[in-house]
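Hello,

Here is the structure I promised to pass on to you. Have a look at it first, and then read my notes below.

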Amino acid sequence: HKIKFYNKFSDKIYTVKNFNSLECENLLKMLSPDIIVLGGSRILKKNIINIPRIGIINAHPGYLPKYRGVDVIPWAIYNGDNVGVTVHLIDENIDSGLIIDRQFISMEQGDTIDSLRKKTELLSGKMIADLLIKFDKEGKLDHIIEADGDGTVYHRMPKSLLKEAR
C-alpha cells in the first residue's frame, strides 16, 4: 500500500530489502543522486554514504550534538532540556556529521512524549522541505556546525525512567 501512495508522486519507485545491500548500492550508483533524504533507516555503511554527490540528509528528533541515538525525546525531558530537531548530513557515526539546521519545538502544558514526537515529525518534514527548496534555488548546502562526536549517544530508556519522564 505504501508503493501506491508514492506512485502518486513518481512512476520511478524502487524498493530494496536492505539499505546496505549490494543491490541497493548498485541501484544508487545507477541513479547517481546528488542528495538522498533518509527517513527511518538503520545505520548506513560507508559504501552507501559515499554514493550521493553531496550527501545523505537526515532529520533527527533530537538537538544535536547533545542528543544523539534513540529515545532522545524522553531523555531530553528527563534531563530537563528542550526538545529539538536537527537536520544533518550523515557520516559513519551515530547522529554526527555536518549540522545544517536545528530548531527547538514549542513545548506546551499538556504535551506528552507522543505529542512531542508528532511535533518533531512535523517539524522534521518542514525543515527537510525547506532545505530541499533552498538547495534547488542555490545548488549548495551550508552547515552551521560539525557534530563530530560531541554529545551523548543515548540508548533505549529503561521503563522505570520512561515512566518518570512521562
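How many bridges join strand β1 to β2, and do the two run parallel or antiparallel? Four bridges join β1 (residues 35–38) to β2, and the two strands run parallel. One of the partners is easy to look up: Leu38 has Asn58 of β2 as its bridge partner.

Before you go further, please note that this is a predicted model, in which local features need pLDDT of at least 70, side-chain atom pairs count only at pLDDT 80 or more, and totals for chains, interfaces and linings use all residues. Residues are numbered from 1 along each chain as its sequence is written, and side-chain values use heavy atoms, with hydrogens and water left out.

Strands here are DSSP runs of E with at least two residues, helices are runs of H or I with at least four, and both are numbered from the N terminus. Two strands pair if DSSP finds at least two bridges between them.

Now the wider sheet. It is open and mixed, with five strands in the order β1-β2-β4-β5-β6. At its edges are β1 and β6 (145–146), each pairing on one side only.

β2 also pairs with β4 (residues 84–89), antiparallel and over four bridges; there, Ile57 has Leu89 of β4 as its bridge partner. Five of the six residues of β2 (residues 55–60) are buried, so this strand is largely enclosed by the rest of the structure. Buried means under 20% relative accessible area (1.4 Å probe, protein chains only).

Further along, two bridges join β5 (residues 98–104) to β6 in the antiparallel sense, and Leu98 stands opposite Glu146 in β6.

Enjoy exploring!

How values were computed. Buried means under 20% relative accessible area, exposed over 50%, partly exposed in between (1.4 Å probe, protein chains only).
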